[in-house]
Each structure stands twice: as C-alpha cells, then as structure tokens.
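Biologist: I should like a close look at the pockets of this model, and at the parts of the fold that line them. Please take the second largest pocket as the starting point.

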Amino acid sequence: LYSDHDLERRVVYVEASRGCPFRCEFCLSSLDKATRHFDLDRLLQELQHLLDRGARRFKFIDRTFNLRLDISQQLLTFFLDRWVDDLFLHFEMVPDRFPLELRELVARFPDGAVQFEIGIQSFDPEVQKRISRRQDLVKLEDNLAYLRDHTGVHVHADLIVGLPGETMSQFAQGFDRLVALRPQEIQVGILKRLRGTPILRHDQEYAMVYSPSPPYEVLSTGAIPFQEMMKLKRFSRMWDVVANRGRFPRTLPLLLDPGPFERFMAFTQWAVQQWGSTKDLALPKVAEALFRFLVDHLQMDVAVVTQAMVADY
C-alpha cells in the first residue's frame, strides 16, 4: 500500500518464522506451542519484490532467527548476493547458537550493516532456571567476543531488571560482565507483567509488585525494594542517553573504569541530586553533568577529561 518513494524511507518488518521454542516466562512467546517457518521460496520472492521497489531497511522480528541454520544461511546469502551500500538488516538472535558456518557468513557483511539484538536478560544461572530460560553462558560469551573482534555487526544486548529473586548486587555483576564483552548497546529493561505469561506464578513467593497501569512494570520485589527499583529505573534511563546513543565513546570509558555498574550508578544518583529527576535529558545538560562529575566529584585530571569530551563533541 506504500508508494515506492515512501517505501525507500521506511523500516520494513519481516517474519521468516513465528513462535519460539524457548519458554522464558516473561515473554508472550512462551505461550506458543511450536515454531512455524514460512515457505522460504515465497518469502525470498517477496523480499526480492521489496528490494526491487527500493526497500533497504529490513527488521526481522523472528524471536529466534538463528534457530534453523539452513534457513538463516539462505536468507543471509540472499542479501549478500544483492548487497547495496544503503542496505541494513536487523535480526533477533539466540546468543549461544553461532556455529562456524554462521560466523563466517556474518563476517562477510560490511561494518554496521547488520544489527543483532541478543537477549541475555540475566547472567545468574539460578535466575535463568527460575524463569525457564536455557542459556549456555560460556558459548554466549565466546560468541559475543567473536562478533566484536571479527565482524562489523552492531550488537544490541538486553538485560532485565526485577526478575524474580535477583538482587541489585546480582544484576550489577551481570551488567559488569556484559560491559566487558563490549556490545555497542546494552538495553537495561524493566520487567513487565504481560498478561497471561507464566511469570505470574512467582508473584507470592518472590513478593512481586507491579504497576496496575500499562506497561505494567515491576515496582518492587522481595529482593529489590521500591527505592532501589527506582534507582535502577533512573540508571536505565541515563544509560540509554549517555551510553547507548554513541555520544561519548572517549569520555564514557573514563567514567566506567574500574567498576561500570558502581561508577555509572554513582553518576546517575549524583545527577539526579543536581536535577531533581531524569525527565529532561538534553544533550548539553548531560554533557555538563558528566564533565562536572568526572572533574569535581571523581577528581580526575581536567586536561584528560577535556580532551576526551572535546573529541566526542
């Protein structure tokens, strides 16, 4: 229904499959009984039609794009064979499932042309087990290291705050572990109580309290009281503005060393004390606060901080 001119400027959402074989209890896909793949020949014909009309930004919303290696390979090869400079692809990937064939194929794409959204959610094995999430952490870390060291893929990794029984300390350890793997983006998401999902079975045992209004975010748990949850929510907001948007690639490492979570939480709390809230996060305001925190609060060398911030500017 879009004109070719309009289509050239849109992100086209695509499904090669529907459903998910995993049973992560916070996700609506946990209710699916099976994963169904659409007919590949027809899918490739439709993709070719979209390419011919000028579509260049494709976001595959399959829950597990790399579930079946044969299909993943054929789709990636399809785009490689037709590559043009303004093409961009986004996929949601299972983090511990990157065999050699897929690694070598992904490495052939230009830098920044492909984005992987990788849901990690928690690095704590007991928390993972509690929410029915199966994940090989050793393979996960090896795969993320490969993607960063040997490919130009933009890695967007997810963690979730407020999972049943996970403390702030446990989350902090997982956050530091993920930062060490160097994804370009880390989304710190707040757990949401999606109606009908099995996560509800933990409400009493882990004292889960959610907002009664959409998007039904968790307000407190037995492991994270309300005040700590609000700190983590502000941390998430600040991290998105300061770290995820790529505005401070030289200044951010000064802040995060030696302990990323502890340092960034300290900055968040300090900034909130100065501002009163995190509602208005205009870039000049954030940059000034970051400079003042590094120089005045952490007593860093003014010349070093200035050099980093000028280069970022």
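**The second largest pocket and its surroundings**

Modeller: In this predicted model, the second largest pocket has a volume of about 280 Å³. Its lining consists of 18 residues, and those closest to the centre are Pro183, Gln184, Trp239, Leu252 and Leu256. Three elements each give two or more residues to this lining, namely strand 8, helix 8 and helix 9 (252–256). Helix 8 gives the most, with four residues. By class, the lining of the second largest pocket divides into eleven nonpolar, three polar and four charged residues.

The largest pocket has a volume of about 950 Å³. It is lined by 35 residues, and Phe26, Arg63, Gln121, Asp158 and Ile160 are the ones that lie nearest its centre. The elements that give two or more residues to this lining are strand 5 (88–93), strand 6 (114–121), strand 7 (154–161), strand 8 (185–190) and helix 8 (226–244). Strand 8 and helix 8 are thus among the contributors to the largest pocket, and they are also listed for the second largest pocket. In the largest pocket it is strand 8 that gives the most, with four residues, whereas in the second largest pocket that place belongs to helix 8. The classes in the lining of the largest pocket are 15 nonpolar, nine polar and eleven charged residues.

Helix 8 also has a part in the nonpolar interior. The largest nonpolar core has 98 residues, and within it Phe58 and Phe267 touch the most other members. Helix 8 gives the most to this core, with nine residues. With neighbours within four places in sequence left aside, Phe267 is in contact with Met238, Val242, Leu255, Ala289, Leu290 and Phe293. Of these partners, Met238 and Val242 fall within helix 8 (226–244), and Leu255 falls within helix 9 (252–256).

Phe58, the other residue singled out in the core, lies in strand 4 (residues 57–60), which runs parallel to strand 1 and is joined to it by four bridges. Val14 of strand 1 has Phe60 of strand 4 as its bridge partner. In a regular strand, side chains alternate between the two faces of the sheet. Strand 1 (residues 11–14) shows this alternation: Val12 and Val14 point to one face and are buried, while Val11 and Tyr13 point to the other face and are not buried.

Key: Residues are numbered from 1 along each chain as its sequence is written. This is a predicted model: local features need pLDDT of at least 70, side-chain atom pairs count only at pLDDT 80 or more; totals for chains, interfaces and linings use all residues. Side-chain values use heavy atoms; hydrogens and water are left out. On a 1 Å grid over the protein atoms alone, a cavity is a set of points where a 1.4 Å probe fits but cannot get out, and a pocket is an open set with protein on both sides within 12 Å along at least five of seven lines; lining residues have an atom within 4 Å of a point. Grid points are joined across faces, edges and corners, and a volume is the space filled by probe spheres set on the points. Ala, Val, Leu, Ile, Met, Phe, Trp, Tyr, Cys and Pro count as nonpolar, Asp, Glu, Lys and Arg as charged, and the others, Gly among them, as polar. A nonpolar core is a set of buried Ala, Val, Leu, Ile, Met, Phe, Trp, Tyr and Cys residues joined through side-chain atoms within 4.5 Å. Buried means under 20% relative accessible area, exposed over 50%, partly exposed in between (1.4 Å probe, protein chains only). Contact means heavy atoms within 4.5 Å. Two strands pair if DSSP finds at least two bridges between them.
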